[in-house]
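Grab your viewer and work through these exercises at your own pace. Each one sets a task, then walks through a solution.

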Amino acid sequence: MTKKKSVLNQAREGKLPDRSGPGTGKAVRPAARRPMRWDLVFIFLVISIGGSWAVLAFRPGITVPVYTYRVVKTYPHDPNAFTQGLLIDPDGTVFESTGQYGESTLRKYRLETGELVKQIDLAPKYFGEGLARWGDRFYQLTWKEETCFVYDSEFNRVEEFTYDTDGWGLTSTETELVMSNGTHRLSFRDPQTFEERRYAWVRMGGRLVPRLNELEYYAGKIYANQLDSDLVFVIEPQTGSVLSVIDLAGLWPYKERQKEGSVLNGIAVMPGTKRMFVTGKYCPKIYELELIPK
Ligand SMILES: [Ca+2]
């Protein structure tokens, strides 16, 4: 870091060529027998400065209030379910979308017992992703297949939409669907047509928050898992600003994560209550949590 900084400082002091933009500076070639390889210096600068910026931009420091948790209760969860979307009804019915080619499903089961009530399997070419409800319909994204399946309450497929990005998380507000695609970008879509109405970049302290995954809308805010992280970001839907962070570190200890791809993913708040549930891909439990300011 020190070396990179000193290079930056030298550049600022004019000791290195200004490469800040086309036509803004000329390399000064010293009168030496072996001419400096400015092209190599330039490549070094691009890699070192660019690399530093990438690290700063994509590893945001936490600049908002942090919540930790208390486990209220745990419930069974299929340890073979690669969880991508989670909803839980007040009557204790869980709706879940799972991923992986050849293993993707839409299922419903009982929260208390894990007893399966209904399941449909996606064709092997589809990788199931986020799940949201709009009225009495369920919307299920697919990862790379750019297809959103729409089902009625009995899981009969009634409609299909296409989109032109990755499909990751999905949730619904009072007026629209909200979709993540694995970046910092949230897409707000018309539930009737699935067309994008607007988008928001999720930022914390001015920095972008990447790899946003499963989503849940609750009390006017969007809760988002982040891939390969134990953090849940609480997001203001209009601006994309992160309002707070829930730190789930230690909830599902790493030594207990047996299968590759085991990460926290899946948030559900029981409608009409404050009961919050989280789980993970290949996680054997659903955790009901109470949030505690840190
Ligand atoms: Ca959810």
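Strands pair here if DSSP finds at least two bridges between them. Helices (H or I, at least four residues) and strands (E, at least two) are DSSP runs, numbered from the N terminus. Before you start: the model is predicted, so local features need pLDDT of at least 70, side-chain atom pairs count only at pLDDT 80 or more, and totals for chains, interfaces and linings use all residues. Residue numbers start from 1 along each chain as its sequence is written.

**Exercise 1. Find the parts of the model to handle with care.**

Step 1: start with pLDDT, the predictor's confidence in each residue, from 0 to 100. Its mean over the protein is 87, and 81% of the residues reach 70 or more.

Step 2: look for the weak stretches. Over residues 1-32 pLDDT stays under 50, and it also stays under 50 over residues 52-60.

Step 3: check contacts (C-beta atoms, placed from the backbone, within 7 Å). Beyond four places in sequence, the model has 23 of them for residues 1-32 and eight for residues 52-60.

Step 4: decide what to do with such stretches. Where pLDDT is low, the predicted coordinates should not be read in detail.

**Exercise 2. Take apart the four-strand sheet.**

Step 1: get the order. The sheet is open, runs β2-β3-β4-β5 and has antiparallel pairing.

Step 2: pick out the edges. These are β2 (83-88) and β5 (116-121), each pairing on one side only. From one strand to the next, the twist averages 15 degrees; the angles run from 0 to 180 degrees between N-to-C directions, with axes as lines fitted to C-alpha atoms.

Step 3: zoom in on the middle. Six bridges hold strand β3 (residues 93-98) and strand β4 (residues 105-110) in an antiparallel pair, where V94 faces Y109 of β4.

**Exercise 3. Trace the eight-strand sheet, then follow one end of it.**

Step 1: write down the order. This open sheet reads β16-β17-β18-β19-β1-β22-β21-β20, and its pairing is mixed. β16 and β20 (264-269) each have a single partner strand, so one side of each is left without a neighbour in the sheet. Neighbouring strands are turned by 30 degrees against each other on average, direction ignored.

Step 2: walk in from β16. Strand β16 (residues 212-218) runs antiparallel to β17, with five bridges between them; Y217 has I222 of β17 as its bridge partner. The two strands make a hairpin with two residues between them, and A219 in that turn has a positive phi of about 50 degrees.

Step 3: take the next hairpin. Four bridges link β17 with the antiparallel strand β18 (residues 231-235), and A224 is bridged to F233 in β18. Here four residues lie between the strands, with D228 in the turn at a positive phi of about 60 degrees.

Step 4: check burial (20 or more other C-beta atoms within 10 Å means buried, 12 or fewer exposed, in between partly exposed; C-beta atoms are placed from the backbone). In strand β17 (residues 221-226), five of six residues are buried.

**Exercise 4. Is E216 buried or exposed, and what does it touch?**

Step 1: place E216, which belongs to strand β16.

Step 2: count neighbours. E216 is buried because it has 27 C-beta neighbours inside 10 Å.

Step 3: list the partners. Leaving out residues up to four places away in sequence, E216 touches T171, Y223, I267, A268 and V269.

Step 4: look further along the chain. L86 is 130 residues from E216 in sequence, yet their C-alpha atoms are 8.4 Å apart.

**Exercise 5. Which residues have the most contacts inside the largest nonpolar core?**

Step 1: set the rule. A nonpolar core is a set of buried Ala, Val, Leu, Ile, Met, Phe, Trp, Tyr and Cys residues joined through C-beta atoms within 7 Å.

Step 2: read off the result. The largest core has 53 residues, and L170, A224, V232, F233, V234 and V242 have the most contacts inside it. Its largest share, four residues, comes from β18.

Step 3: inspect F233. Beyond four places in sequence, F233 is in contact with V202, V209, A224, Q226, V242 and V245.

**Exercise 6. Compare two loop residues with unusual backbones.**

Step 1: recall the background. Most residues other than glycine have a negative phi.

Step 2: take E146, whose phi is positive at about 55 degrees. E146 sits in the loop between β7 (137-142) and β8 (147-151) and is partly exposed, because it has 14 C-beta neighbours inside 10 Å.

Step 3: take Y282, with a positive phi near 65 degrees. Y282 lies in the loop between β21 and β22 and is buried, with 22 other C-beta atoms within 10 Å.

Notes:
Contact = placed C-beta atoms within 7 Å.
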